[in-house]
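Welcome, and thanks for taking a look at this one with me. Please have the viewer open as you read the short briefing below.

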Amino acid sequence: QVACPLPECRHPMPAGALQSQLGNHDGEKLFQRLLDFQAQRFDPGDGERLLNCPTPNCVKMLVPLSLVEQRADVNCPQCRQSFCAACSQPSHLESCEEAELKRMDPAIRELMKKENWKRCPVCRHLCERESGCNFMTCPSE
């Protein structure tokens, strides 16, 4: 259900009523932008994870957390692409880390090894520890 996008409000609005008020082609684009905005703010409950299909400009989908933990393959409902629920990359037989290294440019792989860079387990960005303890906070959170 469509809801008011203001965090302090979040009052539900019937989608049909909102769509009829917007009317024309520009209104349809505006309504689609509202749905996209709500999808970006969506916070799945316990036991679910919101995944991006690896196909460019495709959809997001909810999958049970158990599939993510099992590193199971799932199929996109829109484009039918099969992909790994754990890493949101095309299906692979090896671990997500090994599959990522295979996809990576060899020069980047060599630089990672040389500089002792690691990947954040949450957002997968490359990072390095310059000094201090081993505790790091991901800037994406």
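In helix α2, Gly27, Phe31, Leu34 and Gln38 are buried (under 20% relative accessible area, with over 50% being exposed and anything in between partly exposed, using a 1.4 Å probe and protein chains only). These residues cover an arc of only 55 degrees around the axis, so they sit on the same side of α2; the arc is that of the directions from the helix axis to the C-beta atoms. This is a predicted model, in which local features need pLDDT of at least 70 and side-chain atom pairs count only at pLDDT 80 or more, while totals for chains, interfaces and linings use all residues. Residues are numbered from 1 along each chain as its sequence is written, and side-chain values use heavy atoms, with hydrogens and water left out.

**Helix α2**

- An α-helix has 3.6 residues a turn, so residues three or four places apart point the same way.
- On the other side of α2, His25, Asp26, Arg33 and Gln40 are exposed.
- The buried residues of α2 pack against β1 (2–3) and α1 (15–22), where contact means heavy atoms within 4.5 Å.
- Helix α2 has 17 residues (25–41), which should span 24 Å at 1.5 Å a residue, and this agrees with the 25 Å between its end C-alpha atoms; the expected span is 1.5 Å times one less than the number of residues.
- Helices (H or I, at least four residues) and strands (E, at least two) are DSSP runs, numbered from the N terminus.

**Nonpolar core**

- The largest nonpolar core has nine residues: Leu51, Cys53, Met61, Val63, Val68, Val74, Cys76, Phe83 and Ala85.
- Such a core is a set of buried Ala, Val, Leu, Ile, Met, Phe, Trp, Tyr and Cys residues joined through side-chain atoms within 4.5 Å.
- Not counting residues up to four places away in sequence, alanine 85 touches Leu51, Leu67, Val68, Ala72 and Val74.

**Salt bridges**

- There are three salt bridges, each a side-chain nitrogen of Lys or Arg within 4 Å of a carboxyl oxygen of Asp or Glu.
- Glutamate 97 and arginine 71 form one of them, at 3.6 Å from N to O.
- This pair links distant parts of the chain, 26 residues apart: glutamate 97 is in helix α4, and arginine 71 is in the loop between α3 (65–69) and β5 (73–75).
- Glutamate 97 is partly exposed at 38% relative accessibility, and arginine 71 is partly exposed at 41%.
- Glutamate 100 meets arginine 119 at 2.9 Å, N to O.
- Here too the pair links distant parts of the chain, with glutamate 100 in helix α4 and arginine 119 in strand β7 (residues 118–119), 19 residues apart.
- Glutamate 100 is buried at 15%, whereas arginine 119 is partly exposed at 25%.
- Glutamate 94 pairs with lysine 102, the closest N and O atoms being 3.0 Å apart; glutamate 94 is partly exposed at 25% and lysine 102 is exposed at 62%.

**Two loop residues**

- Histidine 92 lies in the loop between β6 (82–84) and α4 (96–103) and is buried, with 16% relative accessibility.
- A polar atom of the histidine 92 side chain is 2.7 Å from the backbone oxygen of glutamate 94.
- Leaving out residues up to four places away in sequence, histidine 92 touches Cys84, Cys87 and Ala99.
- Glycine 47 is in the loop between α2 and β3 (48–52) and is partly exposed at 39%.
- Beyond neighbours within four places in sequence, glycine 47 is in contact with Val63, Pro64 and Leu65.

Key:
Polar contact = N/O pair within 3.5 Å; in protein donor to acceptor, adjacent residues only side chain to side chain.
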